[in-house]
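Subject: Structure for your review

Dear colleague,

I am passing on the structure we spoke about, with the sequence alongside, and below it you will find my notes on what turned up. Please read them with the coordinates open.

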Amino acid sequence: MIKYFKYFLASILILTGFNAYSQDVDSAVIRNLYSEALTSNISYENLRELCKNIGGRLTGSKHANDAIKFIEGKLKGMNLDNVYLQELKVRNWERGEKEVANAMTKKGRVNFNVCALGISVGTGDKGLTGKVIEVKSWEELKNLGKENIEGRIVFFSRAADQKGYTTGYGYGSSVDQRVKGAVESARYGAIGVIVRSATVAYDGYPHTGVMRYNDSLTKIPAIGISTKESDILSGLLKEDKDLEFYFRTTCHQDADVKSFNVIGEIKGSEFPEEVIVVGGHVDSWDLGEGAHDDGTGIVQSMEVLRLFQSIGIKPKHTIRFVGFMDEEIDQKGGRKYADAVKNKNEKHLAAIESDGGGFTPHGFSFEASDAQIEKLKSFQKYLEPYWMHLFVKGGSGVDVGFLKESGAALIGLIVDSQRYFDYHHSANDVFENVNRREMQLGSASMAALIYLIDKYGI
Ligand SMILES: [Zn+2]
């Protein structure tokens, strides 16, 4: 018995020794990924070029096409196994001339800095004038009814809820006004809408973002107003509820145009037909430079491939960068990619998206089966030294979300959200507001997770 026990003990030691060794190897690889990311300027320079040489990249615009060419060129310069474009058709909405807005009060004219909301119809050259009715809820709108709303401009002034820990909570508490405001107001005969920006920030930037129309109702023009100016307008209405508000927008939509997803990959050495995706969206809103939303997601995802090459990781599975087009408006890129995966019957292990801004990462959220989540959670110990505490079940990303049917584990990079809505969809979303180290921690974190998924499966 004692003899056997000795063998048993020896085998335990060998096994645990081996595990400790392999854990050391993985920890060393991951340390190298972070070291390379934190000491490199390449990804940050890519972001600078994307933001400063191209700028805002509205779906269907020349700038969006320039961005596709820029990213394709960078990928081709990386010595990857495959770089290609995936064609799709997208909406072609243009903002037109700088928007004009003002209120005629008893004391005189007060100007406002406004922006047309995404896909809104324009007012026409002459602009639009009307009395304003302020509302904070759908119920209030309904109670006011046609008699109070018809022929007027509806002003949605509900502020974002500040209470939640993540700022997405505040955004979620107010963005319904932007999305549905025009449709719901048109039901009662409104002629236009003004919408307080969906942000927890308090500043003078109007934030744009997509809105929706209902084809059976009149399409009325919609503009966004900053949180500060929203309060100013509320104040003016308290003094004079009959003030006349004027705004002029020349935004318009032409026929759909051709566009592309941009794809680049490192072929897997053992399972080239099995894919791990990492990506972000190429398009952005046009008021700023699309730096945090989602320039950082794009350059971080490209950086994952470079990090693999740079420290000499040869993946067993194919690691594929996807730059999705049209996330902001109709998500045609995400849909197209998922359709292609389905048509080719391509196996996907996982798809990671970075679209919460280039801020300090804190973990990953998983939209996956319980077994996949359990496996992913077992990787947490390797990332804990980099303050990646959150390995949780939750959402993933808008673009990778379309891959749900494929059975892939869908994964979102979780980042510190406190400053995201200071920039989101506004003229303030510029390169200068991205911190290189914070952004690169995100690149390394995604590379590390992909390294573990590739090595141990999921
Ligand atoms: Zn985004």
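Helix 8 and helix 13 (residues 436–456) have axes that come within 8 Å and cross at roughly 50 degrees, and because angles between 35 and 65 degrees fall outside the parallel and perpendicular classes, helix 8 is oblique to helix 13. The crossing of this pair is right-handed; please bear in mind throughout that the model is a predicted one. On the side of helix 8 the contact involves Thr-296, Gln-300, Glu-303, Val-304, Leu-307 and Phe-308, and these meet Met-439, Gly-442, Ser-443, Ala-444, Met-446, Ala-447 and Ile-450 of helix 13. Sorted by class, the residues of this contact are eight nonpolar, four polar and one charged.

Helix 8 (residues 291–310) also packs against helix 2 (residues 42–54), where the axes come within 9 Å and the crossing angle is roughly 140 degrees. Helix 2 and helix 8 are therefore oblique to each other, and their crossing, too, is right-handed. From helix 2 the contact draws on Ile-42, Ser-43, Asn-46, Leu-47, Leu-50 and Cys-51, while helix 8 contributes Ala-291, Gly-295, Thr-296, Ile-298, Val-299, Gln-300, Met-302, Glu-303 and Arg-306. In this contact there are eight nonpolar, five polar and two charged residues. Thr-296, Gln-300 and Glu-303 of helix 8 take part in the contact with helix 2, and they are also listed in the contact with helix 13.

Helix 2 has a further partner in helix 3 (residues 62–76), with an angle of about 155 degrees and axes 10 Å apart. Since an angle over 145 degrees counts as roughly antiparallel, helix 2 and helix 3 are described that way, and helix 2 passes helix 3 in a right-handed crossing. The residues that meet here are Asn-46, Glu-49, Leu-50 and Ile-54 of helix 2 and His-63, Asp-66, Ala-67, Phe-70 and Lys-74 of helix 3, which divide into four nonpolar, two polar and three charged.

Some backbone details deserve a careful look before you set anything up. Most residues other than glycine have a negative phi, and most peptide bonds are trans. Against that background, a cis peptide bond joins Asp-293 and Asp-294, with omega at about 5 degrees, and Asp-294 is found in helix 8. Asp-326, which lies in the loop between strand 12 (317–324) and helix 9 (332–344), has a positive phi near 70 degrees although it is not a glycine. Helix 4 (residues 138–149) spans only 13 Å between its end C-alpha atoms, whereas a straight helix of twelve residues would span 16 Å at 1.5 Å a residue. Just after helix 4, Gly-151 has a positive phi of about 80 degrees.

As for the overall division of the chain, the domain assignment gives domain 1 (32–93 + 255–456) and domain 2 (100–252), and their C-alpha centres lie 33 Å apart. Between them, 15 residues of domain 1 are in contact with 18 residues of domain 2. The side of domain 1 that touches domain 2 receives the most from helix 12 (residues 420–423), which gives three residues, and the residues of that side comprise seven nonpolar, six polar and two charged.

With best regards

How values were computed. Residues numbered from 1 in each chain as written. Predicted model: local features only at pLDDT ≥ 70, side-chain atom pairs only at ≥ 80, totals over all residues. Helix = DSSP H or I, 4+ residues; strand = E, 2+ residues; numbered from the N terminus. Expected span 1.5 Å × (residues − 1). Axes fitted to C-alpha atoms, helices over the stretch in contact; angles between N-to-C directions. Parallel < 35°, antiparallel > 145°, perpendicular 65-115°, else oblique. Left-handed = near helix turned anticlockwise from the far one by under 90°. Contact = placed C-beta atoms within 7 Å. Nonpolar A, V, L, I, M, F, W, Y, C, P; charged D, E, K, R; others polar. Domains from an automatic or database assignment.
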